[in-house]
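Hi,

Here is the structure I promised to pass on. Have a look at it first, and my notes follow underneath.

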Amino acid sequence: MSDATFVRQADSTWALVDGTGRLGASRYLAVSAFREGLAVVVRFDATAVLIDTAGRELPLQGRRFVWMLPMQDGRAPACTVEGEVGSVDRDGCFWAEVADPEWQARQELTRVSHLLYERGYNVSIDGNVSWRLDDGNLLITPTGAHLGFIQPHQFVVVRPDGSLLRGERAPTSEYRLHVELHRTRPECRCVMHAHAPHAIAASLAGVNLHEMFVTVAPVPTTKYARISSEQSPAVLRPYMDDYNWAILPRHGVVAWAPTAWDAFLRVEGLEHYAKVVMSARACGPIEPMTPEQRIELLTFWGLEHLAEDVPAHRGSTGTE
Ligand SMILES: [Zn+2]
């Protein structure tokens, strides 16, 4: 393999230095790292081509190659995603346009991750999401990722037991929750975890959202388990089959759904519900529903079988 590389020119363009140290005549707007002897370059007409280490151009379209990222500050970030057909943006990033389910899942997880941050459900490096791929492996947030700025290629792939299969970093330390939910509810391909502030506040203040109804289905709160601990799946397990979400006290929320968008809607709905209840509680006691209203609403949701499981609110919240 040649040591060909790109060097930045004074005018901010890139030039190829081939394996013999010779500077190529061509200049490029953006370049990727070399990978398996090939790099993606963006020419001045904004089209992208593959070049080999001698600078020879090869057609990009229809060619299978490893997805490559732009050189950043002279460093070439490694990358693990493959694509067949796609386009390269002005930063030199290749965006696959193939109907590749993994690529689509990466994009979808990126979209909902950004939304979770923008809506204030996660800050800093809180929260994580996962998606069960067609082969049963899980696409999941890496450890230490900021969901507000995560990019599609940064998600890692773990085996169904949570061990790393592909990716640059270890999976989130909360992977156990994801592994257990994907195993228990295979029809729910997305699992989403967020540190939604009002839901956490409710658990800190001892407000049991499970017994108050607004517009959403009942929300159970699990027993306490330390974040990232092996106990997390165990405390959630009693709710995995009958519910699609839960509050982890002093920690956050988890939602699971067939699509990433539906999982986001659940986190959003749960947090909004918690916000309404906490706002009402700050103003005084919350009026309980009558038993008939409660059963009628549970029946409306198709959850009448949970009537025993969902305690009736007795109107004491806010006065204790
Ligand atoms: Zn967490």
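Before the notes, one term: by a nonpolar core I mean a set of buried Ala, Val, Leu, Ile, Met, Phe, Trp, Tyr and Cys residues joined through C-beta atoms within 7 Å. Please also keep in mind that this is a predicted model.

First, the overall picture. The chain runs to 320 residues, and 36% of them are buried. It has six helices and 18 strands. If you take the contacts between residues at least 6 apart in sequence, 55% join residues at least 24 apart.

Now the cores. The largest nonpolar core has 54 residues, and the members that touch the most others are Val253, Val254, Ala255, Ala263, Val267 and Leu270. Helix α5 (residues 260-283) is the top contributor here, giving eight residues. A separate, second core holds 15 residues, including Ala4, Tyr28, Ala30 and Val42. If you want one residue to click on, try Val253: leaving out residues up to four places away in sequence, its contacts include Ala194, Trp245, Ile247, Val267 and Leu270.

Then there's an open sheet of seven strands, with antiparallel pairing, in the order β15-β14-β13-β12-β16-β18-β17. The edge strands are β15 (164-166) and β17 (245-248); each has a single partner strand, so one side of each has no neighbour in the sheet. From one strand to the next, the twist averages 25°. Within this sheet, β12 (residues 128-132) and β16 (residues 190-194) pair antiparallel over four bridges, with Val129 opposite Met192 of β16.

Cheers

Terms used: Residues are numbered from 1 along each chain as its sequence is written. This is a predicted model: local features need pLDDT of at least 70, side-chain atom pairs count only at pLDDT 80 or more; totals for chains, interfaces and linings use all residues. A residue is buried if 20 or more other C-beta atoms lie within 10 Å of its own, exposed if 12 or fewer, and partly exposed in between; C-beta atoms are placed from the backbone. Helices (H or I, at least four residues) and strands (E, at least two) are DSSP runs, numbered from the N terminus. Two residues are in contact if their C-beta atoms, placed from the backbone, lie within 7 Å. Two strands pair if DSSP finds at least two bridges between them. Axes are lines fitted to C-alpha atoms, for helices over the stretch in contact, and angles run from 0 to 180 degrees between N-to-C directions.
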